[in-house]
Amino acid sequence: MEGQAPVNPLNGFKDYKLPTKLVIHLVDRPGSAQSEVRIGNLALARKHPDWIRFDMASRILGGGSTGRLFLDVREEKGLTYGVYSQMEPGQAPGTWTIWTKTKTKTTGEMLTALFGHIKKMRDEEPTQKEYDEVLTQAVGSFPLGIETADQIAGRVRTILTFGLPQDYWKTYRDEVRKVQITDIKTMARKYMHEIPVVVVVGRADKVEPQIKEVLPGATIVHYNTDLECTDKGNPLCAANQPKAALAPASAPAPAAAPVAAAPAPAAAPAAKK
């Protein structure tokens, strides 16, 4: 097929402001026996040169059964059956997220454990054993991801979608081996934010007191299961109302990234109606 794909307007947003205050988005799901928990933040674009190094850090924290989260939160504390951290690629900054679920009564304990692990990643170097295990896994598992035609096509699609070098996968294992143990804390401090975005879905009447106890400085914003913000007058609700996305208040977004200003002409015809 000839031609090029249209420019993704999100690519204009190269920078973003980090949150300065912890906000917990609490979705009330009456009768729920468990709480779903997501903690994360915007991180980096897929083609960013830090991608492989941060991937190593994310794997040490929660890449699987040898990750810190699995060994501690599941095996030692028994708070969940599964807890992981993962990176979601994007042309513009993608996301980094910890996701898990736990019993309603242990939601506070789970939040304490997760924030504790983020802090540890940011403050301390991994052990040599942790580093060696993740390095071996990343290098050793690579051939398993290019065994089938579908897998190979997926790798090609990644190169084309995110504008990676044509030899990206050819040199991938060499680049992984270049990651130093000292890079891990650096990447954690750079991309695992100490004030992340937090979403908890569960019984608000049981969960909210726990949140207030373990995260006393956090602001809690409430939603129903239709994701409608139920805090009347709370300015943090406005951006989450369906109608707000169509309101003139959304206009300042292009100003934060001039490259993304191209959509503006599309709004002009609407103003003539």
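This report describes the fold, surface, salt bridges and one buried loop residue of a predicted protein model.

Residues are numbered from 1 along each chain as its sequence is written, and side-chain values use heavy atoms, with hydrogens and water left out. Because the model is predicted, local features need pLDDT of at least 70 and side-chain atom pairs count only at pLDDT 80 or more, while totals for chains, interfaces and linings use all residues.

**Overall fold**

The protein has nine helices and six strands; these are DSSP runs, with helices being H or I of at least four residues and strands E of at least two, numbered from the N terminus. Of the 273 residues, 41% are buried (buried is under 20% relative accessible area, exposed over 50%, partly exposed in between, with a 1.4 Å probe and protein chains only). Contacts are heavy atoms within 4.5 Å. Among contacts between residues at least 6 apart in sequence, 75% join residues at least 24 apart.

Strand β6 (residues 219–223) is mostly covered, with four of its five residues buried. Strand β1 (residues 23–28) runs parallel to β6, and five bridges join the two; strands pair if DSSP finds at least two bridges between them. Within this pairing, V27 has Y223 of β6 as its bridge partner.

**Surface**

The protein exposes about 16,000 Å², of which carbon and sulfur atoms supply 58%; accessible areas come from the Shrake-Rupley method with a 1.4 Å probe, and for residues only the protein chains shown count as cover. A nonpolar surface patch is formed by I146, I152, V156 and L160, with about 350 Å² of accessible area together. Patches consist of residues with over 30% relative accessible area and no salt bridge, like charges being joined within 9 Å and nonpolar side chains (Val, Leu, Ile, Met, Phe, Trp, Tyr) within 5 Å. One of the patch residues, I152, belongs to helix α5 (residues 149–162) and is partly exposed at a relative accessible area of 42%.

**Salt bridges**

The whole structure holds 17 salt bridges, each a side-chain nitrogen of Lys or Arg within 4 Å of a carboxyl oxygen of Asp or Glu. Three of the pairs are listed here.

| Pair | Distance, N to O |
|---|---|
| D123 and R189 | 3.4 Å |
| R177 and D174 | 3.3 Å |
| K212 and E208 | 3.5 Å |

D123 lies in helix α3 (residues 107–123) and R189 in helix α7 (residues 181–191), so their salt bridge ties together parts that are 66 residues apart in sequence. D123 is partly exposed at 37% relative accessibility, and R189 is partly exposed at 44%.

R177 and D174 are both in helix α6 (residues 172–177), three residues apart, about one turn of the helix. R177 is partly exposed at 45% relative accessibility, as is D174 at 43%. K212 and E208 are four residues apart in helix α8 (residues 204–214), a separation of about one helical turn; E208 is buried, at 17% relative accessibility. In addition, a network of salt bridges links D50, R53, D183 and K190.

**T80**

T80 sits in the loop between α2 (68–76) and β3 (83–88) and is buried, at 9% relative accessibility. A polar atom of the T80 side chain lies 3.1 Å from the backbone oxygen of G82. The T80 side chain also makes a polar contact with the side chain of T100 (3.1 Å). A polar contact is a pair of N or O atoms within 3.5 Å; within protein, one must be able to donate a hydrogen and the other to accept it, and residues adjacent in sequence count only if both atoms are side-chain atoms. Leaving aside neighbours within four places in sequence, T80 is in contact with V73, R74, T100, K101 and M110.
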